[in-house]
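Student: I should like to work through this structure by question and answer. May we begin with the terms that the strand pairings rely on?

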Amino acid sequence: MRTSRRLVLSAAALGLALAASGCAYFNPVQTHEFYQAADGTNANLSQDGSTVIGVRNALVILREDGTAEFSATVVNYEQAIEGAEPTRTVDLAAATSDGTAIFATGVSLAPEQVVSLGAGEDSDQSVQIGDASGVVAGDILDLTVTSGDQTVVISVPVVDGSLEHYSETESGENAGA
């Protein structure tokens, strides 16, 4: 009788251990997957099953004076190897849902290079939008990302400076983008 009791207790302990560890088994580690952890959106251009170009946290920030700026990070994931294409050009063009062009810009990236777009001093390249009169906070713009013969269109949100990390500091620079 003692052997069957030990067997039952062992089986119960094993079942409890499996149940307690099951959450980690069935849920993948989130840091291994790209996800939109902020207000902006992401885009990927792939080649042969691997991401080659990435646009991260793309959004448009509307200012009180009626101007706007585009903020994003563009990444070239290609390895810097001999014989590889030395640079990639990434073209970004935004338009409203009715097709009205808002801005267009280009970024040249060497392999393994990251370029920050925005208006702050931490940005590598500024993308100002002069006339954003038809755009209001809460709008969704279509952003066309093109590199070589690959194109993807993503939806980009328009936010205003009501959140502290999107507001301008006293020096006129963007506090967080």
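Tutor: Two strands pair if DSSP finds at least two bridges between them. The model discussed here is predicted.

Student: How many helices and strands does the protein chain have, and in which order do they run?
Tutor: From the N terminus on, the elements follow the order α-β-β-β-β-β-β-β-β-β. The secondary structure thus comes to one helix and nine strands.

Student: Which element lies on the other side of the hairpin from β2, and which residue in the turn has a positive phi?
Tutor: The hairpin is formed by β2 and β3, with five residues between them. The two strands run antiparallel and are joined by eight bridges; within this pairing, glycine 54 stands opposite valine 75 in β3. The turn residue with a positive phi, of about 95 degrees, is glycine 66.

Student: Which residue of β7 is the bridge partner of alanine 68?
Tutor: β3 and strand β7 (residues 128-129) run antiparallel and are joined by two bridges. The partner of alanine 68 in β7 is isoleucine 129.

Student: Which residue of β6 is the bridge partner of alanine 72?
Tutor: β3 also pairs with β6, in the antiparallel sense, over four bridges. In β6, the partner of alanine 72 is leucine 117.

Student: Is β3 mostly covered or mostly exposed, and how many of its residues are buried?
Tutor: Buried means under 20% relative accessible area. For the protein chain of 177 residues, 33% count as buried. β3 is mostly covered, and the number of buried residues among its nine is eight.

Student: Why does phenylalanine 70 count as buried?
Tutor: Phenylalanine 70 lies in strand β3. The cut-off for a buried residue is under 20% relative accessible area. Phenylalanine 70 counts as buried because its relative accessibility is 1%.

Student: Which residues does phenylalanine 70 touch, leaving out those up to four places away in sequence, and how far in space is leucine 59?
Tutor: The residues touched are Ala58, Leu59, Val60, Leu92, Phe103, Leu117, Gly118, Val127, Ile129 and Leu143. Leucine 59 is eleven residues from phenylalanine 70 in sequence. Their separation in space, C-alpha to C-alpha, is 6.0 Å.

Student: How many aromatic pairs does a search of the whole structure find, and what is the angle between the planes?
Tutor: The search finds one aromatic pair. Phenylalanine 70 and phenylalanine 103 form this pair, 4.8 Å centre to centre; the pair is tilted, and the angle between the planes is 40 degrees.

Student: How many residues apart are the two members of the pair, and in which strand is phenylalanine 103?
Tutor: The pair links distant parts of the chain, with phenylalanine 70 in strand β3 (residues 68-76) and its partner 33 residues apart. Phenylalanine 103 also counts as buried, because its relative accessibility is 9%. The strand that holds phenylalanine 103 is β5 (residues 101-109).

Student: In the largest nonpolar core, which residues touch the most other members, and which strand gives the most residues?
Tutor: Of the 34 residues in this core, Val60, Phe70, Leu92, Phe103 and Leu143 touch the most other members. At least two core residues come from each of several strands, including β4 (88-95) and β8 (140-147). The strand that gives the most to the core, with eight residues, is β2.

Student: Which two phenylalanines are in contact with leucine 92?
Tutor: Neighbours within four places in sequence are left aside here. The contacts of leucine 92 include Val55, Val74, Leu117 and Leu143. The two phenylalanines among its contacts are Phe70 and Phe103.

Note on methods
Residues numbered from 1 in each chain as written. Predicted model: local features only at pLDDT ≥ 70, side-chain atom pairs only at ≥ 80, totals over all residues. Heavy atoms only, no water. Phe/Tyr/Trp six-rings, centres within 6.5 Å; stacked < 30°, edge-to-face > 60°. Buried < 20%, exposed > 50% of the residue type's maximum accessible area, 1.4 Å probe, protein only. Contact = heavy atoms within 4.5 Å. Core = buried A, V, L, I, M, F, W, Y, C linked by side-chain atoms within 4.5 Å.
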